[in-house]
Each structure stands twice: as C-alpha cells, then as structure tokens.
Amino acid sequence: MIRACYALAALRLLFLLAAWPFFDNVDEQHHVDMIVKVARGHLPRGLERYDAESTRLIARAETWEVFGTPGPDRPPPAWRAVDGGRYEATRRAWWEAAPNIESTGPPVPYLLGAAWRRVGGLLGLDDVGSLYWLRLLNVPVYLGAMAAAVRFATLAYPGDPALPASVAVLLAVFPQDLYYGVNADVPAILFGTLALLGLWRMHRRGCRSPGEALASGLLLAAALLTKASNVAVLAPLAFVASSRLRAGGRKEAARIVMLVGAAALPVAGWLFRNAVVGGDVMGTAAKVAALGWTAKPVGAWLDHPLFTVHGALAFAGGLAATAWRGEFFWH
C-alpha cells in the first residue's frame, strides 16, 4: 500500500507541475534566476539584477494566466506571438532592469538546483525544456521527504503499522501547490525531515558511529541553509544533545560534539560570508530595503490588526487555507 502511495504522489506531482503554466506567483522567476546563476558558478554577493540567460528563459516561457485577466490588452506569450522576437526583447529588457530579491537567500536549494540543471544540460535539455526539468526535481525531493516521514513514523511507533500507512496516504494526496513550481522552499521539507529522523534515531539508541554523527550534523546544516524557518530543528538538537551527554560516556560525548560541530560550522561559515561580502550577517538587509519594509519600535509592536479579534480570525482563516492548499492563484 505504501508503495502505491509513492506512485500516486509521483504521478500527481508530474501531472500538476507540467500542467501549471510558467511562472507561478510564489517567486518562481527569482528562484530560476538564482539556479541559473549558481549553475554557471556565480553566487551573488548582494542584491543583483537578473541574469541574461534567466531573462531569456523567462521572457520566452511566461504567460499571463497567473498574473492577469485574459483580454485584448494581454498579448500572447512569446512562443505564440506573431512578432515573438520583438515581444521577447521587450520582456527581457523589463526583467533585466528588475532586482532579484532572493539574491542573498540561503545557498543549499540553489546548489541542489544548479547540480540538477547541469544534469539536464548533459541530457540535451535547454530553453523552456530546462525549466520543466527544474520543476521535475520536485518529484524525487518530495518522495524522499515522504519516505523519511514514513520511516520516522515506523521508528516512533514500531507496533502500529497503521500510522506509517496513514502518513503515506496523507502525503500522497496533500494538495500543497508549492511543489508544482521551482522554489527554494521545496527542499526544506526533505532536509528538515531527514534531520529530525537522524536526531530521533540518536535519541532512541545513541550515536553509534562518528559517521552517523557527521551525517546527521550535515543534514541539520543543510536544513538550516535551505530555509531560515528550519531553525526549529535546534530545539530537538538541544534536547538530544543534552540527553545523550547525560546518558553516554566519553565516546558518546565526542560524537555529540562532532554532531553539533558538523551542524554549526557550515552555518557559521555562511553567516560569516554574509557579513564579509554584504555587511549583514543574515543577508536580509538588502531584500528588506528593496521591499520597503521598516522596523517598528518595540512599543508599537501590538499596534497591528493581528492583535484584534477580527484580525486574528482573518489571519487564522487565511493561514488554515494556504497551509493546506498553498498560495497559487489563477487570473
């Protein structure tokens, strides 16, 4: 049954990521541009404009179905326009003038996407086909996260075979549309779940080898360098490290130190790099400035609709819908 769930999940993702037009409204252009840059060996040092190859791909593949209402004022995409070359040049000029607000994002999703893009290049995939190839990466990433979640449920409740099957069924049909596009959030569930699985195994039976400690630490680092919200994994890390230090001997303590070091060093290296090249440890200052966000003084934090009954209900209702379905919209 669980294998059938894997097959169903793969078929669902394959169909929907192929059916959804380029580009979705969850910053897909930004993430494609970052992957293209990293694939040619360039990691941005700050807020940068779009790469020439990225603008070519975006202008050639984009359509209006997501961002606008169809009508006589909406031109066809470049690949359907009578004067496609002229239209494509106009759109490229527009994108080349735009800053990419994801330029300083954590590197792991883009390194993974860049490696995948290079594989596609070896297979002869280019132009718009390379965009679908980037989306195709979501399938093995999602299946990997799904397998890790099923394994976690199996280890946590070894006497209840229904629970792993329930996890598999839920993830096979989970309608989160984020996985239908190119997005840095997509690998977050994979590395986050693998990191939690490694910590759980360590909590239950200890750290059995230096290799296991190193692998678990690197998975934790990958989770943190994929999405900042994965900082939540630090809580189980602290719990497991403290419990194993109390329960184990000197050898166990050495492995816990290796675990923490393997998790901390890559993250510290990335933060140091941000401070050196951008003067901002988190690498978010340029994005915040580009978006026009400003910090409120502490005394004004509660002056927000979220802290009213109506605002809290509106927020909770919207969050409940998008957490389950996602944030893609149409027309």
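Guide: Rings of Phe, Tyr and Trp (its six-membered ring) pair if their centres lie within 6.5 Å; planes under 30 degrees apart are stacked, over 60 edge-to-face, and the rest tilted. You're looking at a predicted model, in which local features need pLDDT of at least 70, side-chain atom pairs count only at pLDDT 80 or more, and totals for chains, interfaces and linings use all residues. Residues are numbered from 1 along each chain as its sequence is written, and side-chain values use heavy atoms, with hydrogens and water left out.

Visitor: How many aromatic pairs does a search of the whole structure find?

Guide: Let's start with one pair, F22 and F23, whose centres are 5.1 Å apart. Their planes meet at 65 degrees, and the pair is edge-to-face. Search the whole structure, and the number of aromatic pairs is 9.

Visitor: Why is the pair of W94 and W95 edge-to-face?

Guide: The ring centres of W94 and W95 are 4.8 Å apart. The pair is edge-to-face because the planes stand at 85 degrees.

Visitor: Which does W94 count as: buried, partly exposed or exposed?

Guide: Buried means under 20% relative accessible area, exposed over 50%, and partly exposed in between (1.4 Å probe, protein chains only). W95, at 8%, counts as buried. W94 has 48% relative accessibility, so it counts as partly exposed.

Visitor: Which residue forms one aromatic cluster with F22 and F23?

Guide: F22 has 3% relative accessibility, so it counts as buried. F23 is buried too, at 1%. The residue that makes up one aromatic cluster with F22 and F23 is Y132.

Visitor: How far is R135 from the ring centre of F22?

Guide: A charge sits over a ring if NZ of Lys or CZ of Arg is within 6 Å of the ring centre and within 35 degrees of the ring normal. R91 lies over the face of W94, at 5.1 Å from the ring centre. R135 lies over the face of F22, and its distance from the ring centre is 3.7 Å.

Visitor: Which helix gives the most to the largest nonpolar core?

Guide: This core (buried Ala, Val, Leu, Ile, Met, Phe, Trp, Tyr and Cys joined through side-chain atoms within 4.5 Å) has 25 residues. Helices (DSSP runs of H or I, at least four residues, numbered from the N terminus) that each supply at least two of its residues are α1 (2-19), α7 (138-156), α8 (162-173) and α9 (186-205). With 7 residues, the one that gives the most is α7.

Visitor: How many residues are in the other core, which has L199 and C207 among its members?

Guide: This core lies apart from the largest one. L220 and A241 are also among its members. The number of residues in it is 22.

Visitor: Leaving aside neighbours within four places in sequence, what is L13 in contact with?

Guide: L13 is among the residues with the most contacts inside the largest core, alongside Y142, M146 and Y179. Contact means heavy atoms within 4.5 Å. Leaving aside those sequence neighbours, the partners of L13 are N138, V139, Y142, Y179 and Y180.

Visitor: What is the relative accessible area of H31?

Guide: You'll find H31 in helix α2. Beyond its neighbours within four places in sequence, H31 is in contact with V26, E102, Y110, V182, N183 and A184. H31 is buried because its relative accessible area is 4%.
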